[in-house]
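Subject: Structure handover

Hello,

Here is the structure I said I would pass on. Please open it beside this email and follow along as you read.

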Amino acid sequence: MRITYTGRQVELAPAQLKKIQVRAAKLGKLLDGKGEREAHVVLGLERGRHSAEMTVNYHNHPLVAVASNPDLSTAIHGAIEKMEKQAIKVRAKWRDGKRTPRKEAASESDLTPAASPQNGAKNVYRVDNALRSKPMTLDEAILEMEKNRDYLVYRDAVSDRVAVLLRRRDGHFDLVEC
């Protein structure tokens, strides 16, 4: 992280500058992902109070932290702490909001294994059809079956009864009404 200092009636000693750079190293680890960020620190003195304003542009979000204290190094450390809090918050929002899985119709994520296989035993899957509880007609069920499914359990819209539509090996369908 590159840090640029601007002092208004304030000068930084080399020892103070080194302490501040060590303190800002953690902030640099948080913000420097793919590229190096640039921080601009403005130091000022008004009526015996030192103020420190720190600005960083992070993924097109300007992060600004302002702190003031009679001691210059305490004011700078306060601004760095506020900047760390903002960086953690924005980074978490960016990370959590960016990656959401796309929903796929009739994927194996709807199936949950009820028993684990033991030496050649068959798997038993329980199907969760709570997501597709809308009643359908036979034509809608056949259209749903064209999505590479072998069977479909649905509620018939006409009779309001549960029905099972099965694909036979010859390509035709069997309808079981319960």
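Which order do the strands have in the open sheet of three strands? The order is β7-β8-β9, and the pairing is antiparallel. Please keep in mind that this is a predicted model.

Within this sheet, β7 and β9 are the edge strands. Each of them has a single partner strand, so one side of each has no neighbour in the sheet. Neighbouring strands here are turned against each other by 20 degrees on average, with direction ignored. As general background, strands of a sheet pair through backbone hydrogen bonds, and the pairing is either parallel or antiparallel.

The pairing of β8 with β9 can be followed in detail. Five bridges join these two antiparallel strands. If you want one pair to look for, Leu165 stands opposite Leu175 in β9.

The next item is a surface patch. Tyr151, Val153, Val162, Leu166 and Val176 form a nonpolar patch on the surface, and together they have about 340 Å² of accessible area. Two elements give two or more residues to this patch: β7 (151–155) and β8 (162–167).

Two members of the patch can be described further. Val176 lies in strand β9, which covers residues 173–177. Is Val176 buried or exposed? Val176 counts as partly exposed because its relative accessibility is 38%, and the partly exposed class lies between under 20% for buried and over 50% for exposed.

Val162 belongs to strand β8. Val162 has a relative accessible area of 33% and is therefore partly exposed too. Which residues does Val162 touch, if those up to four places away in sequence are not counted? They are Val153, Tyr154, Arg155, Val176, Glu177 and Cys178. Two of these contacts, Val153 and Val176, are also members of the nonpolar patch. Val162 can also be placed relative to Pro135: the two residues are 27 residues apart along the chain, and their C-alpha atoms are separated by 9.2 Å.

Elsewhere in the chain there is a hairpin to look at. Strand β3 (residues 49–58) and strand β4 (residues 61–69) run antiparallel and are joined by nine bridges. In this pair, Thr55 stands opposite Val64 in β4. How many residues lie between β3 and β4 in the hairpin? There are two residues between them, and His59 in the turn has a positive phi of about 50 degrees.

Regards

Definitions and conventions:
Residues numbered from 1 in each chain as written. Predicted model: local features only at pLDDT ≥ 70, side-chain atom pairs only at ≥ 80, totals over all residues. Heavy atoms only, no water. Patch = residues over 30% accessible without salt bridge, like charges linked within 9 Å, V, L, I, M, F, W, Y side chains within 5 Å. Areas by Shrake-Rupley, 256 points an atom, 1.4 Å probe, with all protein chains shown as cover. Salt bridge = Lys/Arg side-chain N within 4 Å of Asp/Glu carboxyl O. Helix = DSSP H or I, 4+ residues; strand = E, 2+ residues; numbered from the N terminus. Buried < 20%, exposed > 50% of the residue type's maximum accessible area, 1.4 Å probe, protein only. Contact = heavy atoms within 4.5 Å. Pairing = 2+ DSSP bridges. Axes fitted to C-alpha atoms, helices over the stretch in contact; angles between N-to-C directions.
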